[in-house]
Amino acid sequence: MKKNITINLCGRLFQIDEDAYELLQQYIDSLRQSFGHEEGGEEIVNDIEARIAELFLELNQQGIEAITIEHVKDIITRIGKPEELKGEEEKQDNGGHKYDSFRSAAQGFRDNVRARTAGKRLYRNPNDKMVAGVLSGIAAYTGSDVTWWRIGYAMLILASNFLFPLFGIWFNFGFFLHINLAFIIFYFVLAIAIPVADTPKQVLEMEGKEVTPQNLADVVVEDKQPAQHRRGCLGSFFSVIISIFVGIFVGIAAIVGLVLLVCLLLIIVSLVVVFTVPSVRTSLPFDFEDLHLAELMSVHPWIVIVFIIGLLLALCIPLYAIAHMLFSRAGKVQPMGIGQRILWIVLWVASLCCLFPALVWIQEQEKERYNERYSQTIVSGSPWSHYSINNVPMDMEDFDYFSTNNWVMVKHSNTDDYYASFTGACEYFTGDSITRYLEGHIGERPQLVYQAEHTEWVEPGVYSLNCIVRADDRGAFVYTQVDDEKQLKEIPPYGRKGGELWMGTHLLPPSENHGSVEENHRKIEKMMKDEPLSKQEEWKKIVKANHSRGFGWSIVHIDDIIVTADSIPIVYGVSTVPEFTGQECRAQWFSATDFKLTRTGDLR
């Protein structure tokens with residue numbers, strides 16, 4: 001049912017719908033605003049009102065008792081909008097004021113918006129949605145193409161991310177994350193605030209049609225979809241592009257869902273094995289045996305329960321969401337409502353908030369367990385590792401390095417977190433992440449005690465030792481020893497940045513080594529043009545190491561190493577032991593690699 005109003009127009013009474021009356025009133029008000037400031041404008045408006053009254057009278061004579069909004073729209077089209085009646089172009093050519101033109105254009109735009117939205121209510125469109133139907137509902141409310149709203153929203157997000165950088169203003173990753181998150185939150189706020197057009201009455205109100213028994217029957221009986229606005233060529237093109245991306249997204253989602261399902265099954269099997277036969281180790285990808293969940297369950301059951309529940313929910317919720325999306329697109333189930341989606345998102349975030357703290361706590365317990373086990377091993381004197389050199393327990397990687405290169409650990413302590421570790425990787429001077437080298441690291445312990453050496457039998461003569469080293473502070477030394485003759489060179493403490501090797505100071509003569517690092521690098525590149533290609537490539541790797549900041553490596557030389565007899569070897573290595581070096585070690589870590597012993601001359 002609609003409410004009718006009796007109006008007096010030019011001395012005649014007419015029955016008119018309430019929404020039709022509002023549109024007519026807006027039209028007449030726009031005429032008065034447009035012509036009111038002109039001479040004779042009131043007469044023009046009165047004439048137009050008289051013409052409207054005549055057209056209303058013709059409708060009554062045709063048997064139409066109440067004027068509807070469709071009749072008013074048709075009359076407005078026949079009479080014309082205020083700017084059409086005024087002839088804005090002619091007025092501007094005759095010297096009309098620019099402000100009047102701007103105001104008329106603004107008024108025309110407002111009238112156009114009013115005409116498009118007259119008799120409509122804003123709803124979310126459930127039959128033409130990508131996410132929640134917000135933009136589709138706005139397009140139906142404004143009588144425009146939903147494709148342009150979607151493209152505009154995407155362009156707005158992109159502009160917010162790239163507008164500041166285009167003007168030379170850069171922000172950190174968190175700034176851009178907050179911008180994108182704000183747009184997402186804004187969309188979901190609209191999805192919550194704008195109701196969805198679920199009933200036939202709401203569908204008709206969204207389209208601006210009369211809620212009549214015939215229209216309701218069309219929606220209910222024929223399952224009529226909301227009117228799809230005709231798209232232009234460009235709109236159809238972008239619609240196809242969006243459909244392609246949606247298809248790709250659905251395919252990726254299906255693959256991710258399959259992977260999640262496999263992971264979930266493997267995790268369930270692993271957990272069952274851990275709690276039923278904890279002594280049995282499996283070859284499954286998820287090796288929970290190392291977390292000792294069965295042992296922790298007897299001591300701290302709630303932590304383990306929270307970890308397991310959080311892990312399972314973190315996998316099950318996205319798996320359920322993907323499956324529900326696929327089934328809804330196939331028409332098997334109804335799509336999720338916005339409230340249901342928000343609920344699942346909140347539950348998933350809560351599961352992650354339970355999972356990660358519990359996992360960190362379990363790992364801390366495992367770390368304490370290994371520390372206790374290692375301490376008991378050192379006190380008892382029985383190495384728990386299967387590998388050892390000179391009765392020093394090692395892991396497999398350290399053992400391979402020491403045995404392959406004929407190194408021996410002379411003295412050590414305080415060099416571990418879980419077990420004695422004597423080598424390292426990931427920051428080789430060329431940037432390689434797998435090449436191993438000697439390394440000592442005290443972690444949180446008070447003093448670094450580390451001495452490893454290599455023995456090499458050579459012919460009598462004069463030798464020199466070169467090696468590549470780094471340290472974070474003073475007190476770490478490279479040494480050579482022949483009989484009782486000992487030579488020491490301290491490792492330059494550059495830390496993990498820069499270093500003489502990266503700066504190239506060892507390649508340039510003192511007279512050339514006075515510019516900036518960039519200038520020195522350019523000079524070295526010119527020098528390297530005549531060198532073998534392999535040497536040029538190695539220098540390029542060194543320059544690029546650690547994003548062109550170096551890893552702190554330097555070259556240490558020990559010259560004039562004299563061997564007087566065949567039965568005397570050269571012993572060289574690295575040491576932080578104060579009793580051996582004569583200086584206190586303040587370094588917490590050092591690295592050493594590429595020891596090269598070279599014969600430089602004969603005995604005189």
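How many bridges join strand β2 to β3? To find out in this predicted model, select residues 12-17, which make up strand β2, and then β3: two bridges join them, and the two strands run parallel. Within this pair, Gln-15 stands opposite Ala-66 in β3.

Now add β1 to the selection, and an open sheet of three strands appears in the order β1-β2-β3, with mixed pairing. Because β1 (4-9) and β3 (66-67) each have a single partner strand, they stand at the edges, and one side of each is left without a neighbour in the sheet. Next, select residues 18-35, which form helix α1; this helix packs on the sheet, where it touches β1, β2 and β3, and its direction makes about 115° with that of β2.

Move on to the largest nonpolar core, which has 37 residues, and select those with the most contacts inside it, namely Phe-402, Leu-438, Tyr-450, Val-478, Ile-570 and Phe-595. Strand β10 (residues 461-471) gives this core its largest share, five residues. If you centre the view on Phe-595, the residues it touches beyond four places away in sequence include Trp-407, Leu-438, Leu-465, Val-478 and Tyr-572. Apart from this core lies another, of 24 residues, with Phe-35, Ile-48, Ile-52 and Ile-79 among them.

For the last stop, select Lys-497, in the loop between β12 (485-490) and α17 (500-503). Lys-497 has a relative accessible area of 52%, so it counts as exposed, the cut-off being over 50%. Leaving aside neighbours within four places in sequence, Lys-497 is in contact with Arg-549, Gly-550, Phe-551 and Gly-552. Asp-472, 25 residues from Lys-497 in sequence, is 9.8 Å from it in space, C-alpha to C-alpha.

Key:
Residues are numbered from 1 along each chain as its sequence is written. This is a predicted model: local features need pLDDT of at least 70, side-chain atom pairs count only at pLDDT 80 or more; totals for chains, interfaces and linings use all residues. Side-chain values use heavy atoms; hydrogens and water are left out. Two strands pair if DSSP finds at least two bridges between them. Helices (H or I, at least four residues) and strands (E, at least two) are DSSP runs, numbered from the N terminus. Contact means heavy atoms within 4.5 Å. Axes are lines fitted to C-alpha atoms, for helices over the stretch in contact, and angles run from 0 to 180 degrees between N-to-C directions. A nonpolar core is a set of buried Ala, Val, Leu, Ile, Met, Phe, Trp, Tyr and Cys residues joined through side-chain atoms within 4.5 Å. Buried means under 20% relative accessible area, exposed over 50%, partly exposed in between (1.4 Å probe, protein chains only).
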